[in-house]
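Colleague: Could you walk me through how to read this model? I'd like the general idea each time, and then the case at hand.

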Amino acid sequence: MGDLDRQNNECCSGDSCTGLSSMQTGLQPLSEVSLQDEVCCGSPPGPQSSSLEKPGYQLLSFVEDFKDTPCGPVPRVKTKLEGPDHLGTLIARLGIKRDQYKIAPGLYCVGNPDQDSPVLVTANYKLTFDTLRQELTYLDAWVLVLDTRGINVWCAAGKALFSTQEVVHRIKQTMLEKVVNHHQLILPQLGATGVSAHQVKKESGFKVVWGPVRAKDIQRFIAAGSRTDKSMRLVTFSILERTVLIPVELSHLPKPSFWVLLAVFFLSGIGTSIFSLNDAWYRGLMALTAYVGGILAGAVAAPILLPWIPGRAFALKGVFTGIVAGLAVLVLFKGGLIWAEAVALLLITVGISSYLAMNFTGSTPYTSPSGVEKEMRLAIPVQAGAVLVALVAWISAAFIG
Amino acid sequence: MENLRYLEGVTTLELDLEACVGCGVCELVCPHAVFQMNGKKAEIGDPDGCMECGACAQNCAAGAICVTPGVGCASYIIQTWIKGKEAASCSSSECC
């Protein structure tokens with residue numbers, strides 16, 4: 001027996017410990033947990049592992065417990081979002097590791113559903129799942145989560161991930177026909193882009209009922225006998241919905257911007273003395289300001305002010321916001337520019353703004369690809385031309401002025 | 001969303017009235033109320049409201065609707081110009 005053993009024996013034979021020591025029984029007694037946690041040395045240990053935990057799997061914070069079904073235990077999820085969920089939402093909205101923000105596909109439940117409870121189908125992007133479950137308070141339902149590779153319903157439908165094939169596969173994989181009697185699924189309407197209801201019926205025997213666009217209408221939908229009214233079927237694009245898309249739009253810019261600005265600083269230094277570091281810096285900063293102005297105008301202002309900016313084409317809307325930003329840049333540097341430089345800065349701001357605003361079409365729920373292509377055939381040559389003229393003017397100015 | 005309208009006269013949406021059986025599913029799945037039922041047939045009430053999402057064509061059991069939903073993303077379309085349609089891809093998983 002070493003020193004440590006002697007210490008333990010002395011410790012536990014004192015009055016401070018009143019339970020059986022684990023050395024005597026070899027087991028951690030469940031009923032005497034709190035007593036056992038009184039320790040002679042150091043701080044008390046953390047709680048015992050939950051009986052719901054399984055080797056090789058981590059219990060997720062949004063799982064309340066498990067419901068027994070003919071097909072094994074089904075996780076019952078909370079219908080109230082908590083700290084980790086809100087944090088996860090924030091990180092996803094910033095575009096950080098978005099494609100990994102997902103949950104395992106399969107069958108989940110809320111409340112205490114039985115064989116007659118509705119089955120709601122959704123995507124395995126955790127933001128989608130959270131958006132859904134927070135609207136299911138007081139509801140008893142099954143939630144069938146499809147493997148959409150962590151992508152939201154509508155985008156996944158467009159990419160053939162929220163698809164007829166995946167619906168049919170997931171029904172089979174979860175043995176859903178043993179869980180519910182009614183053989184009916186409620187799908188979010190925006191899944192219709194990728195799911196053919198009559199084909200699902202043919203291949204799985206399950207009938208697809210098209211639910212509302214927004215999760216927040218689900219309880220109202222079910223109360224109305226699983227019927228949608230017009231307002232439940234229409235997609236909106238409010239100022240808030242547009243604004244939350246901005247961080248992700250901006251997150252695509254750092255990498256290309258680094259190279260663009262490197263080139264810009266270099267070109268700014270070209271002049272009568274061949275190359276001047278001083279000019280590269282000071283003129284480069286002015287060009288950088290115009291560039292940033294273009295970004296703010298095209299990727300921030302244009303999305304927010306979208307319906308109020310004249311023009312149907314986004315590239316045109318970007319021109320308007322770009323002109324405003326460009327004029328602001330000129331006012332900022334007034335007196336320090338010759339006309340060629342002023343023209344160059346304005347063209348850079350407008351060109352960048354127009355291009356970024358045009359790019360925003362890919363994030364909207366109402367621009368058609370045919371329309372975007374038509375717009376781009378006209379806009380891109382003009383944007384490229386503007387930037388080219390700007391570059392020529394900018395470099396020439398160093399020789400003229 | 002009444003104050004948000006895009007370009008006019010560009011949609012590829014087509015409805016074959018002869019094939020239409022009047023089931024009404026197109027009206028049910030369209031996110032922009034492009035279709036409305038007119039008696040026993042569907043009709044395209046607002047063609048310029050169409051964003052070519054393809055939900056209608058996907059769910060028309062009678063095969064009366066066709067539309068060519070593309071990607072609608074500027075970066076992707078530029079790729080099809082430079083590399084051609086075959087080589088263009090949504091390569092980055094961070095894209096959308």
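Colleague: How far should the 19 residues of helix 16 of chain A span, at 1.5 Å a residue?

Modeller: The expected span is 1.5 Å times one less than the number of residues. So helix 16 (residues 314-332) of chain A should cover 27 Å, and its end C-alpha atoms are indeed 27 Å apart. By helix I mean a DSSP run of H or I with at least four residues, by strand a run of E with at least two, each numbered from the N terminus. Bear in mind that this is a predicted model: local features need pLDDT of at least 70, side-chain atom pairs count only at pLDDT 80 or more, and totals for chains, interfaces and linings use all residues. Residues are numbered from 1 along each chain as its sequence is written, while chains are lettered from A and ligands numbered from 1 in the order in which they are written.

Colleague: Which residues of helix 16 of chain A are buried?

Modeller: General idea first: an α-helix has 3.6 residues a turn, so residues three or four places apart point the same way. Buried means 20 or more other C-beta atoms within 10 Å of a residue's own, with C-beta atoms placed from the backbone. In helix 16 of chain A the buried set includes A:Phe314, A:Lys317, A:Phe320, A:Ala325 and A:Val329. Among the elements covering them are helix 15 (277-305), helix 17 and helix 18 of chain A.

Colleague: What radius of gyration does chain A have, against a compact globule of 401 residues?

Modeller: The rule for a globule is 2.2 Å times the number of residues to the power 0.38, and the radius is taken over C-alpha atoms. That gives near 21 Å, but chain A has 30 Å. Along the principal axes, its C-alpha atoms fill a box of roughly 95 × 70 × 30 Å. Chain A holds 18 helices and 9 strands, and 38% of its residues are buried.

Colleague: And chain B, what pattern does it follow along the sequence?

Modeller: Chain B reads β-α-β-β-α-β-α, with 3 helices and 4 strands. Of its 96 residues, 35% count as buried.

Colleague: How many residues does each chain put into the contact?

Modeller: Contact means C-beta atoms, placed from the backbone, within 7 Å. Chain A gives 38 residues and chain B gives 33. On the chain A side, helix 18 contributes the most, with 8 residues. By class, that side has 19 nonpolar, 12 polar and 7 charged residues; Ala, Val, Leu, Ile, Met, Phe, Trp, Tyr, Cys and Pro count as nonpolar, Asp, Glu, Lys and Arg as charged, and the others, Gly among them, as polar.

Definitions and conventions. Buried ≥ 20, exposed ≤ 12 C-beta atoms within 10 Å, placed from the backbone. Contact = placed C-beta atoms within 7 Å.
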